[in-house]
Amino acid sequence: MNRQLFYSICLTGIVSALIVQSASAEVVQPKSSVSQNITRRGLRERLVNQAELLSQVPNSPTLVEVTGVEATPTDKGVEVILQSTQGQQLQITNRSADNNFIADIPNAQLRLPSGDGFTFRSQKPVGGITEITVTNFDANTIRVTAIGEAGLPTVELFDSDEGLIFGFTPVVSSAQTPQLPAEEPETETQTQTEQPSTQTDEPIELVVTGEQDGYSVPNATTATRTDTPLRDIPQSIQAVPRQVLDDQQVIRASEALRNVSGVQRGNTVGGTSEVFNINIRGFQQFGGNLRDGFNNRNFFSTVETANLERIEVLKGPASVLYGNLDPGGVINFVTKQPLLEPFYAAGLQVGSFGLVRPTLDLSGPLNPERTVLYRLNAAYERGGNFRNFDTDVERFFISPVIAWNISDRTDLTLELEYVNDRRPFDRGLVAFGTGIANIPFDRVLGEPDDFNERTNLSAGYRLEHRFNDDWKIRNRFRYSFSDQTRNRLEPGRLNETTGELGREFAEGESTIRNYELQIDLEGNFATGSIQHTLLFGVDLSWQNYGGVERFEPAPSINIFNPVYGIAPRPSRDEFSDVFPLGSQTNALGFFLQDQITLADNLKLLVGGRFDNIDQSSPSDERQDQAFSPRVGIVYQPIEPISLYTSFSRSFQPNFGNRADGSLLEPVRGTQYEVGVRGEFLDGSLITNLAAYEITRSNLAVTDPDNPNFSIPSGEQRSRGIELDVTGQILPGWNIIASYAYTDARVTKDDNLQPGNLLDGVPFNSASLWSTYEIQTGNFQGLGFGLGLFYVGERQGDLNNSFQVPSYVRTDASIFYRRNNWRAGININNLFNVDYIDAPGDRRSRVEGPGAPFTVRGTVSVEF
C-alpha cells in the first residue's frame, strides 16, 4: 500500500467512525426541551448568541471579570449566580449535549477571590443534578456546565443587579423526586454574598440556536503585538474569522483573502505558492506573512486552513514590530490553540474534479488537573484541480500542540507542524496581443506530468511568565524547514503568427532552513492620569537557502493545437545550464512601543525599531541597517467611532540577484494613512474606512534581458481608499464586504516608463459575502449564503504591454445546522465565467486562470 493511499484510508476511516458514532448517539438519546428565559432590567430584551469575540490573550482590558459565583438551592432546583461589578451584560452560547447543559460566556474571565481563582465546582447541589462547574474555558471565555442525572436540566436565565443567574431545574425520573440537600453543597470555591432580590420583571423567551461564531473580531494582536481592541489601533486591520472559512468552505488561504479590501493574488510560482506574492495595497509582498506572529520565511508554500482560527491582515508597513517586511502590509495566520474542555470534530469535504478532503480536530486536557492540554489538527486532500494535468493534487497535513500550565503565572506551549504537498507545476496561460490568448482555460502549455513537491516542517515553543497583573515576559522560538523538488517545462516567447510557444526543460531542488527567536517584555503602568502599555522586544533570525536550477532547450508547443511528449525529459547530467542557488540572511532587531491612553477617548501609539541585516550569496555580501518608526493617534468623539491617523516606515532586504550575481539594495517604504472605524449594533457590526499613500524604492523586478535574474525598480507609489464591513446585522444574518480603489504606478525608474501602472493591481475591486440562518421554527438551522466578487481590469506586466480583463464571480451556498451537525453545499463561479485570478508578472506566465463552475459539499460533526 503506498503512502498516499494509506493517508486517505486512515483519515477517511477516522471521519467515518466519528460520524457514525455521533449519529448513533443522537438516535438513542431522547430529545429534551430546554426552556431558557431572561428577565431584563432596562438593558436588553434578550441575550444574543456570540462566541470567539476576543483573541486568545489573557488580561485583555475589555474582558468582563466575574468575581463571585454562588450556588443556592431553591424549591425548583438550584440557582447559580455569576457576579460582576463592572456593569456589563454577559452573553451566552449554548453547547448542550445529552444530559450536559453547557454554556459558553465569551468576553469574560473568572477571577474568584479564593481557591485557585479560576474554577468553581458544586457536587450534587440538589437531587437530579450531579455537578455544576464554572471555569475558564480559555483566556476570554467562561464555561458553565450542569450535569443532569436523568436528562438535560431545564434552564432559566435571569438578569439581576448582581449579574447573570442560571436557574437549573432537574429532570425527574419515575423513581426520583428532587430533594434539597441536608447540608451545604460541596464546593471547591465559595463566596459569601447577599441573596439575590426577588425578580419582579416578567421573563421573556431567550432563543438559543447553538454555537454562533460571529463574523466580527473586535480585538487583534498583529497591529501592536499585544491584545488590543481594533477601535484603539491607528492603522487599518481586518480579520477573517473561522466562521467565514467554514461558511465559504475555504481550502486555500487565498480564497479567504478575497474578502479583504485591497488584497489580490500575485505571482503564484507556477501555482505552488499562494502567499509568495500576495498583493496588498498595490504592492506584492515577497513572502510577507506571519504565522502566530512569526515571520513565515518559508515563503514558497501553500497555507493549510485546517488549523486556522482566523486570518488578520494589517495594511501598511509593519516593520516596527516584525522587521523586514514590504510596506503594503502583512498577513498573520493565527492557528487554533488547545481547549480546556474535551472537543472532537471531524469533517469530510468532496467536490468537483475529484476533490476529497477529510479533516480532524481534537482537543482537551491530558491530566485530571487540566494543567496539560492538547490540540491535534489533521487533513488529507486529493484532487480538485480543473486543469488537464496527469499529476494530481495530493496533500497531507498534521499539527499537534501541547499547552502546559506550569503554574498560575507561567505557561508553556509546544507546537509542531508537518506538511507534504505534491501538485502540478502550472505557469497557466499566455498573453496574446494586448490581452489573453483565446484558448480553453484548462489547457496545459507545459507538460501534463509537470510537478512540484514540497515537505515543510516547523517546531517551536512559546513561554510566557506573568510577574504580576501588569508585567509579563514572552519568549518564543521556532525552527522551520522546507525541502522542494520541481520538474517542469518553462514557457518562453510566443510567436503570435504561428502560435508556437518556446519552452525549456527545467528542474531543481531547494532547501530553506530558518531559526527564529523572539523575546518580548510587556508592562502596564501609569504616569499620573496617563496610562501606558509598554512593549520592548528583541528578534533574532537565521535563514539559509540553497539549491540548484537546471535548464535545457525543449521543443516548442502550439497553444492552439498542442502535442505533448515530443521529446523525453533529459537526465540530470544532460542539462547544459546549471545555476546554483544559495543565500544566507542573519537579522537582529530591537524595538520599543508605547500605547498611551491620554484620555478615555484619546490614544497615542509610538514605536521604533532598529534592524541589522547581514546577507551573503555565492557571489556577493552586504550589510544593511535601518530605523523604522511608527506614530499614530486615535480620537473617539463618541464611543462607537474612532478617528485615526498614522505615519510608518518599512525596511526589507532584497532577495533578488543581478545577472552579475550581486545582491540588490534593500526595499524601503513610507506610508501616511487616515481613517475612521465604527462599531455599530452594539459592537456586532464593524466598519473601517481608510485613505493612504505609500511609496517604496529599490523593488526587485524581473530583468527583461535575463528573466532568471532581477534588477531594481526606482520608485513606486500607491494611493487608495478602502472600506471594510464585517459582522452581524440581525441575529442569524452575517456579512463581510469590502471595496478598494487603488492607484499604484511607477513614479521614478531608469528601465520603466514613469506613470506605468503596477501589474496585477485593479483600480476598483469589491466583495460581498452574506449568510442568513433561520433562527426559529421548523426550519431552524437552515441557512443560505451569497457572494459577489468583483475585480477590475489589471495590467499584466510592468511594461503595461497587455491587460487582464475584469470579472464578477458569483458564489452561493445552502447549509443546515442541527445540534452538533453541519452539512452544506457551496457553488463557486455559479455562472461559469472565465476569469483570471492571478495575472502573474510577464507575458508568458498568466498563472491564475480561475476555476469554472465548481461544487463543494461538506459534512462535519462536533462532540
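Which residue in S49 is the bridge partner of Arg818? Keep that in mind as you open this predicted model; the answer comes at the second stop.

**The whole chain**

Start with the protein chain in full view. The chain holds four helices and 52 strands. Of its 863 residues, 58% are buried. Now think about contacts between residues at least 6 apart in sequence: 69% of them join residues at least 24 apart. If you switch on the surface, you are looking at about 33,600 Å² of accessible area, with 54% of it belonging to carbon and sulfur atoms.

**A hairpin late in the chain**

Next, select residues 807–818, which are strand S48, and residues 821–828, which are strand S49. These two strands pair in the antiparallel sense, with seven bridges between them. Here is the answer to the opening question: Arg818 has Trp821 as its bridge partner in S49. Two residues lie between the strands of this hairpin. Click on Asn819 in the turn, where phi is positive, at about 50 degrees.

Stay with S49 and show its side chains. In a regular strand, side chains alternate between the two faces of the sheet. Which residues of S49 point to the buried face? They are Arg822, Gly824, Asn826 and Asn828. Trp821, Ala823, Ile825 and Ile827 point to the other face and are not buried.

Now add residues 854–862, strand S52. S49 and S52 run antiparallel and are joined by eight bridges. To find one of these pairings, select Asn828 and look for Thr854, its bridge partner in S52.

**A nonpolar patch**

Move on to the surface and select Phe467, Ile473, Ile519, Leu521, Phe536, Leu588, Phe590, Leu592, Phe610 and Phe627. Together they make a nonpolar surface patch of about 860 Å². Strands S34 (500–527) and S36 (577–599) each supply at least two of the patch residues, and S36 gives the most, with three.

Zoom in on Ile519, which sits in S34. Is Ile519 buried or partly exposed? Its relative accessibility is 35%, so Ile519 counts as partly exposed.

**A small stop: three strands**

Finish with an open sheet of three strands, ordered S18-S19-S20 and paired antiparallel. Strands S18 (263–264) and S20 (283–286) are at the edges; each has a single partner strand, so one side of each has no neighbour in the sheet. Select residues 277–280 to see S19, which is joined to S18 by two antiparallel bridges. For a last click, pick Gln264: opposite this residue stands Asn279 in S19.

Methods:
Residues numbered from 1 in each chain as written. Predicted model: local features only at pLDDT ≥ 70, side-chain atom pairs only at ≥ 80, totals over all residues. Heavy atoms only, no water. Buried < 20%, exposed > 50% of the residue type's maximum accessible area, 1.4 Å probe, protein only. Pairing = 2+ DSSP bridges. Contact = heavy atoms within 4.5 Å. Areas by Shrake-Rupley, 256 points an atom, 1.4 Å probe, with all protein chains shown as cover. Patch = residues over 30% accessible without salt bridge, like charges linked within 9 Å, V, L, I, M, F, W, Y side chains within 5 Å. Salt bridge = Lys/Arg side-chain N within 4 Å of Asp/Glu carboxyl O.
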